Amino acid sequence: MPKIQMVDLQGQYRKIKSEIDTAIMECVESASFINGPKVKAFQESLERYLDVKHVIPCGNGTDALQIAMMGMGLKPGDEVIVPSFTYVATVEVIALLGLNPVMVDVDEDTFNLTGEIIEQAITVHTRAIVPVHLFGQSTDMDPIQKVADKYNLSIIEDNAQSIGAIYTFEDGRSAKTGAIGQVGCTSFYPSKNLGAYGDGGALCTNNDDLAAKFRMIANHGQSEKYHHKYIGLNSRLDAIQAAILDVKLKYLDDYIAARQKAAKYYDEAFAEIDLLQTPARQPNSTHVFHQYTLIVKEGHRDQLKKFLHERGIPSMIYYPLPLNEQEAFKGRGRKVGDLLVTKSLCQSVLSLPIHTEMNEEQLAYICENVKDFFEKMC
Ligand SMILES: *Cc1c(COP(=O)(O)O)cnc(C)c1O
């Protein structure tokens with residue numbers, strides 16, 4: 001049995017090696033390393049895939065969030081509502097720009113924001129909401145859209161973990177995550193569902209003016225060469241990464257299907273274990289399983305992790321500490337309520353290996369060992 005890993009990027013590469021190698025060599029031969037035809041081609045492929053008018057590639061997902069907030073004209077003192085149960089990047093850029101992060105709790109089943117939670121956090125200073133589509137499924141966007149409309153707030157989607165997920169609105173329309181709010185931000189970090197071989201990210205929007213502004217900000221605020229309309233960043237997607245991503249994008253739906261198949265295997269194997277809660281599905285979203293995250297009840301999480309580790313099975317805790325309790329954010333912004341769900345999740349979640357190359361033998365071995373642990377416990 002191949003060694004079990006959280007992600008298997010080498011195995012994935014081997015299957016598309018000749019296509020990837022050709023794409024990289026074409027870049028090297030053309031000596032067009034920044035912007036140029038490969039970046040344009042990937043941008044257009046991603047616009048088609050997401051069914052969105054504009055994709056603006058940039059250096060990484062964190063920059064995408066920063067460019068979004070700069071481009072939308074958020075000013076120091078403005079409040080931005082963000083979940084306390086997420087990766088640090090989301091709240092980091094809010095703080096960096098002198099905005100006030102307002103950290104709120106999440107739904108205990110889907111781990112995502114809800115309209116109700118957001119509404120409780122709104123003040124006269126609130127300007128934007130950042131729904132993070134955590135672990136691979138969409139936040140329930142209809143109620144959030146209603147709150148945003150009612151209070152005239154912008155929606156900046158953090159879609160770093162859910163590219164390819166499809167959300168169906170109340171009226172029957174559907175859209176891919178990232179293409180729902182004013183702007184969606186994503187990451188091509190290697191282990192993300194659409195991963196480059198280095199850093200990368202993108203913004204997407206259907207708004208022409210915002211798109212033009214984001215594009216300038218990502219490139220030193222330049223309107224034309226050496227003419228700077230805005231203070232910007234140097235945040236561009238390398239052509240080599242774009243070429244790799246353009247190849248991998250063709251396989252993204254197959255990759256998603258492979259992740260969903262592994263998730264189904266886990267779901268069925270764990271259905272009878274009372275002390276485990278398998279991932280709840282948002283009814284109006286597909287789930288692309290960036291992570292397969294269990295809730296381990298009654299304080300057994302750390303023992304289970306250790307037990308699996310001793311049997312050669314890696315697992316990860318996403319995330320061990322609420323953002324409002326991180327040293328860097330002490331005294332920054334504010335939190336709303338006691339964030340009890342976040343606190344409890346940080347103590348009970350465990351993510352199992354899930355990736356595009358998992359085979360049945362590996363899945364069976366992982367499931368047997370998880371079951372074994374609970375049989376010994378109880
Ligand atoms: C990965 C990630 C980011 C940041 O992306 P980078 O490309 O690593 O900068 C932002 N938000 C979430 C939720 C992420 O998972």
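In what order do the 3 strands of the open antiparallel sheet stand? The legends below address this and other close-up views of a predicted model.

**View 1. An open sheet is formed by 3 strands in the order β12-β13-β15.** The pairing within this sheet is antiparallel. The edge positions are taken by β12 (276-277) and β15 (349-352), each of which has a single partner strand, so one side of each is left without a neighbour in the sheet. Helix α11 (residues 301-310) packs on the sheet and touches β12, β13 and β15. The direction of helix α11 makes about 25 degrees with that of β15.

**View 2. Strand β13 (residues 292-296) pairs with β15 and with β12.** The pairing of β13 with β15 is antiparallel and extends over 4 bridges; Ile295 stands opposite Val349 in β15. Between β12 and β13, which also run antiparallel, there are 2 bridges, and here Leu276 stands opposite Val296 in β13. Because 5 of the 5 residues of β13 are buried, this strand is largely enclosed by the rest of the structure. Both of its faces are covered: one side carries Tyr292, Leu294 and Val296, the other Thr293 and Ile295, and all of these residues are buried.

**View 3. His300 occupies the loop between β13 and α11.** With a relative accessibility of 12%, His300 falls under the 20% limit and therefore counts as buried. Apart from residues up to four places away in sequence, the contacts of His300 are Leu275, Phe373 and Met377.

**View 4. Strand β2 (residues 79-83) is mostly covered and is joined to strand β3 (residues 100-104).** In β2, 5 of the 5 residues are buried. Glu79, Ile81 and Pro83 point one way from the strand, whereas Val80 and Val82 point the other way, and all are buried. The two strands β2 and β3 run parallel and are joined by 5 bridges. Within this pair, Val80 stands opposite Pro101 in β3.

**View 5. Asp158, in strand β5 (residues 154-158), is a buried residue without a salt bridge.** Which side chain of opposite charge is nearest to Asp158? That side chain is Lys192, at 6.9 Å. Because a salt bridge requires a distance within 4 Å, the separation from Lys192 does not qualify. When residues up to four places away in sequence are not counted, Asp158 touches Leu65, Thr90, Val130, Pro131, Val132, His133 and Cys185.

**View 6. Cys185, one of the residues touched by Asp158, is in no disulfide.** The count of disulfides in the model comes to 0. The cysteine sulfur nearest to that of Cys185 belongs to Cys58 and is 7.6 Å away; a disulfide requires sulfur atoms within 2.5 Å, so this pair does not qualify. Is Cys185 buried or exposed? Cys185 counts as buried, because its relative accessibility is 1%. Another cysteine, Cys346, also counts as buried, at 3% relative accessibility.

**View 7. Thr22 is located in helix α2 (residues 17-30).** Thr22 has a relative accessibility of 42% and therefore counts as partly exposed. The C-alpha atom of Thr22 is separated by 50 Å from that of Gly299, a residue 277 residues apart from Thr22 along the chain.

Key
Residues numbered from 1 in each chain as written. Predicted model: local features only at pLDDT ≥ 70, side-chain atom pairs only at ≥ 80, totals over all residues. Heavy atoms only, no water. Buried < 20%, exposed > 50% of the residue type's maximum accessible area, 1.4 Å probe, protein only. Lys, Arg positive; Asp, Glu negative; His and termini not counted. Contact = heavy atoms within 4.5 Å. Pairing = 2+ DSSP bridges. Axes fitted to C-alpha atoms, helices over the stretch in contact; angles between N-to-C directions.
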